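Q: Please take a close look at one part of this model, the central sheet together with the ligand sites beside it. How are the strands arranged, and which residues surround the ligands?

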Amino acid sequence: MSNSGHPKDSGKRRGLMLVLSSPSGAGKTTLSRKLIEEFDDVNLSVSATTRAPRPGEQDGKDYFFRSVDAFHDMIERREFLEWAHVFDRYYGTPKADTVARLDAGEDVLFDVDWQGADALHDQMPNDVVSVFILPPSINALEKRLAARPGSTPEIVARRMEEAKREIMHWRRYDYVIVNDDLEVAYQRLRRILLVERLKRLRQLDLEDHVRQLLGEA
Ligand SMILES: Nc1ncnc2c1ncn2[C@@H]1O[C@H](COP(=O)(O)OP(=O)(O)OP(=O)(O)O)[C@@H](O)[C@H]1O
Ligand SMILES: Nc1nc2c(ncn2[C@@H]2O[C@H](COP(=O)(O)O)[C@@H](O)[C@H]2O)c(=O)[nH]1
């Protein structure tokens, strides 16, 4: 199904940056995929990373998989909106595209850690809407990490070790969703998107509309 979600099809709006963070394995990627499937004007920001692809992951779709040298070249060429060192690997958000998409009235979805969320908010405070995803329990988080394709006990242990540090940043976010039942969590996420689209500053044709109303009054 495709859906613009805008109440007035001709209405001009500025896109928003929907930034999702969570401890690894809580469900950001799963929720992001559902949002992109439903809304044709929501696009995923594809990050660059120096980690290896998981089974089924594609270069350019899930990530831009790069060598450490190539990643450093991208840093030097100032190609990132933000970048961070996460789980001993580099991850970065490319700048190209995002600004153009926002201006074109399209939303951009970011799946980044708390450092990335902070950096994106610092750079574009009026555009960022941040959502923290919590797991229903630590046990459930560990099971989800272990069940993911390509998982190993070492990867699970490393990510569980980091989970507490990531969760401690939950208060910095505009919204928090507990991802227990996937469908309930998804409905909450899509409601956040639809409401945030209605923020006054994002409805670009309101000035003209109100001027016209006042002229008619
Ligand atoms: N509500 C849910 N109930 C049960 N399993 C879920 C739920 N949400 C996600 N999962 C499963 O948990 C695993 C981890 O989810 P996902 O990859 O979306 O997490 P993530 O937060 O994006 O992790 P990372 O930060 O490492 O990229 C996946 O196998 C996914 O299918
Ligand atoms: N600061 C950034 N963090 C990012 C970016 N892309 C992904 N991430 C975060 O890294 C971890 C691990 O991801 P995984 O795909 O290896 O499991 C997770 O918390 C992501 O949110 C980025 O561009 N910048």
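A: The answer below starts with the sheet and then turns to the two ligands. The model is predicted, so to speak of it with care, local features need pLDDT of at least 70 and side-chain atom pairs count only at pLDDT 80 or more, while totals for chains, interfaces and linings use all residues. Residues are numbered from 1 along each chain as its sequence is written, and chains are lettered from A and ligands numbered from 1 in the order in which they are written.

Helices (H or I, at least four residues) and strands (E, at least two) are DSSP runs, numbered from the N terminus. Two strands pair if DSSP finds at least two bridges between them. On these terms, 5 strands make an open sheet in the order β2-β7-β1-β8-β9, with parallel pairing. β2 (42-44) and β9 (175-178) are the edge strands, each pairing on one side only. Direction ignored, neighbouring strands of the sheet are turned by 25° against each other on average.

β1 (17-21) pairs in the parallel sense with β7 (residues 107-111) over 4 bridges, and Leu 20 stands opposite Asp 111 of β7. With β8 (residues 128-134), β1 shares 5 bridges, again parallel; here Leu 18 has Val 129 as its bridge partner. β8 in turn is joined to β9 by 4 bridges in the parallel sense, where Val 131 stands opposite Tyr 175.

Two helices pack on this sheet. Contact means that the C-beta atoms of two residues, placed from the backbone, lie within 7 Å. Axes are lines fitted to C-alpha atoms, for helices over the stretch in contact, and angles run from 0 to 180 degrees between N-to-C directions. α1 touches β1, β2, β7 and β8, and its direction makes about 165° with that of β7. α4 touches β1, β7 and β8, at about 155° to the direction of β1.

A residue is buried if 20 or more other C-beta atoms lie within 10 Å of its own, exposed if 12 or fewer, and partly exposed in between, with C-beta atoms placed from the backbone. In β1, 5 of the 5 residues are buried, so this strand is largely enclosed by the rest of the structure. Met 17, Val 19 and Ser 21 point one way from β1, and Leu 18 and Leu 20 point the other way. In a regular strand the side chains alternate between the two faces of the sheet.

Gly 27 is in the loop between β1 and α1. This glycine is buried because 24 other C-beta atoms lie within 10 Å. Leaving out residues up to four places away in sequence, Gly 27 touches Ser 22, Ile 133, Asn 179 and Ala 185. Thr 29 lies in helix α1 and is partly exposed, with 15 other C-beta atoms within 10 Å.

A residue is near a ligand if its C-beta atom, placed from the backbone, lies within 6 Å of it. Around ligand 1 there are 14 residues, the closest being Ser 24, Gly 27, Thr 29, Thr 30 and Arg 144. α1 gives the most to this shell, with 3 residues. An unreviewed UniProt entry lists positions including Ser 24, Gly 27 and Thr 29 under "binding site"; such annotations may be inferred rather than shown by experiment.

Ligand 2 has 15 residues around it, and Ser 47, Ala 84, Tyr 91, Val 112 and Gly 116 come nearest. β5 (80-86), β6 (89-94) and α4 (114-123) each give two or more residues to that shell.
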